[in-house]
Number of protein chains: 2
Amino acid sequence: MQEAQKYSRYSFLLDQTARRVKQYAKQRFRELGWTITIDQWAVLKQLYDKGDLNQRELATNTFKDHPTMTRIIDLLKVKNLIERKSHPTDRRSFIIALTFEGRAMVEDCLPEVQKIRMKAWENLSDEDFQEFKRILESIYKNLS
Amino acid sequence: MQEAQKYSRYSFLLDQTARRVKQYAKQRFRELGWTITIDQWAVLKQLYDKGDLNQRELATNTFKDHPTMTRIIDLLKVKNLIERKSHPTDRRSFIIALTFEGRAMVEDCLPEVQKIRMKAWENLSDEDFQEFKRILESIYKNLS
DNA sequence: TTATTTTGATTGTCATACTAATAATTAATT
DNA sequence: AATTAATTATTAGTATGACAATCAAAATAA
């Protein structure tokens, strides 16, 4: 089982790299004096791109589970970046919307966030990106 | 900044896939009735491969920080899978060693864990593995 | 030797995950 | 229409992860 031993390492590498990426972004966010986390950013950006969504949709789009989404939204609400509006016809559901401050925050942060993201791709090509994407998607699918 | 938008997606994909891998392993562990987590497994395996180590070495080898390692070791100790032995010359340090049960656990689990790991690589080639490794390492280095 | 710095481990805090369980509401079934 | 099933969101419990601060012990410098 030589093969298994070798491939087993992918999971550590994957985990380490994913953590490094988040850690780097977190560091930069802090250096820039921003009070939100990367995961909170992802939610804001999603709302900015897609418009108002309910929590289920937000959770699905950002690949987070519902309890996590509830908490992220609680935190963003405290910071006045989003608001929970009641759904017109479904009383179980909330519509999440960016506030004025939330929208401004996204627009202020976006260029810097893109710089942060690009940093990881230095010295990597477009083909690398395609390969990377293909392999990640394949792994994801294999485990679903 | 079309490029940035496109490449930005890698971070989500990376995060999602890494989480999926952990989640899948966690599920399988539970289905098999094992009471340890993936991260706890990593520590046990490390001790099995490398022999007794102190907590600093364990943390470094598994890419975890010291507080996290302290906690994982606490949990493994409660389960009687490892023991903390005092260092012969350095009274700050502990030597962590597998117990008999810990060693047996690793040997019992190893084949299944390898199956779990291999599952992710279905339909992927050895070249894919090399590419994947190269890109992950490159990203990691870019952010260090 | 004494003072300073470094190191190994721990504790505390906050945020994120996964799971299970629950409440409230809506949809589907009979 | 009444019952049952499914859905939306929440709460609670456990684990991990990053970071800061602390303690004790060891190493180094003065």
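Modeller: A helix here is a DSSP run of H or I with at least four residues, numbered from the N terminus. By that numbering, H4(A) gives five residues to the surface near DNA strand C, the largest share. The model is predicted.

Biologist: What makes a residue part of the surface near DNA strand C?

Modeller: Its C-beta atom must lie within 6 Å of the strand. 26 residues surround DNA strand C, and the closest include Asp39(A), Arg91(A) and Gln55(B). Pro67(B) and Thr70(B) are also among the closest.

Biologist: Which helices supply at least two residues each of that surface?

Modeller: From chain A, H2 (38-50) and H4 (66-78) do. From chain B, H1 (2-31), H3 (55-62) and H4 (66-78) do. By class, the surface near DNA strand C has eleven charged, ten polar and five nonpolar residues.

Biologist: Which residues come nearest to DNA strand D?

Modeller: They are Gln55(A), Arg56(A), Pro67(A), Thr70(A) and Pro67(B), out of 26 residues around that strand. H1 (2-31), H3 (55-62) and H4 of chain A each supply at least two residues here, as do H2 (38-50) and H4 of chain B. H4(B) has the largest share, five residues. The classes near DNA strand D are five nonpolar, ten polar and eleven charged.

Biologist: How do you know that a two-fold axis relates the chains?

Modeller: Chain B is superposed on chain A by a rotation of 179° with 0.0 Å of shift along the axis, at an RMSD of 0.2 Å. That is the relation of a two-fold axis. The same surface serves both copies, since 100% of the contact residues of chain B recur in chain A.

Biologist: What makes two residues count as being in contact?

Modeller: Their C-beta atoms must lie within 7 Å. By that test, the contact between the chains takes 38 residues from chain B and 38 residues from chain A. On the side of chain B that touches chain A, the elements with two or more residues are H1, H5 (100-119) and H6 (126-142) of chain B. H1(B) gives the most, 15 residues. This side of chain B divides into 21 nonpolar, eight polar and nine charged residues.

Biologist: What makes S1 (53-54) and S2 (82-86) of chain B edge strands?

Modeller: The open sheet of chain B has three strands in the order S1-S3-S2, with antiparallel pairing. S1(B) and S2(B) each have a single partner strand, so one side of each is left without a neighbour in the sheet.

Biologist: How do you know that S2(B) and S3(B) are paired?

Modeller: Pairing needs at least two bridges. S2(B) and S3 (residues 94-98) of chain B have five, in the antiparallel sense. In one of them, the partner of Arg84(B) is Ile96(B) in S3(B). H2(B) lies across S1, S2 and S3 of chain B, and runs at about 90° to S3(B).

Biologist: Why is Phe63(B) called partly exposed?

Modeller: A residue is buried with 20 or more other C-beta atoms within 10 Å, and exposed with 12 or fewer. Phe63(B) has 16, so Phe63(B) falls in between and counts as partly exposed. Phe63(B) lies in the loop between H3 and H4 of chain B.

Biologist: What is notable about the phi of Phe63(B)?

Modeller: Most residues other than glycine have a negative phi. Phe63(B) is not a glycine, yet its phi is positive, near 60°. Asn123(B), also not a glycine, has a positive phi of about 70°.

Biologist: Is Asn123(B) buried or exposed?

Modeller: Asn123(B) has 9 other C-beta atoms within 10 Å, and the cut-off for exposed is 12 or fewer, so Asn123(B) is exposed. Asn123(B) is in the loop between H5 and H6 of chain B.

Biologist: Why is Thr35(B) called exposed?

Modeller: With 11 C-beta neighbours inside 10 Å, Thr35(B) meets the limit of 12 or fewer and therefore counts as exposed. Thr35(B) sits in the loop between H1 and H2 of chain B. The C-alpha atoms of Thr35(B) and Lys79(B) are 8.7 Å apart, although 44 residues separate them along the chain.

Biologist: How many helices and strands are there in chain A?

Modeller: Chain A has six helices and three strands. From the N terminus on, their order is α-α-β-α-α-β-β-α-α. Of the 144 residues of chain A, 27% count as buried.

How values were computed: Residues numbered from 1 in each chain as written. Chains lettered and ligands numbered in written order. Predicted model: local features only at pLDDT ≥ 70, side-chain atom pairs only at ≥ 80, totals over all residues. Least-squares fit on C-alpha atoms with pLDDT ≥ 70 in both. Nonpolar A, V, L, I, M, F, W, Y, C, P; charged D, E, K, R; others polar. Axes fitted to C-alpha atoms, helices over the stretch in contact; angles between N-to-C directions.
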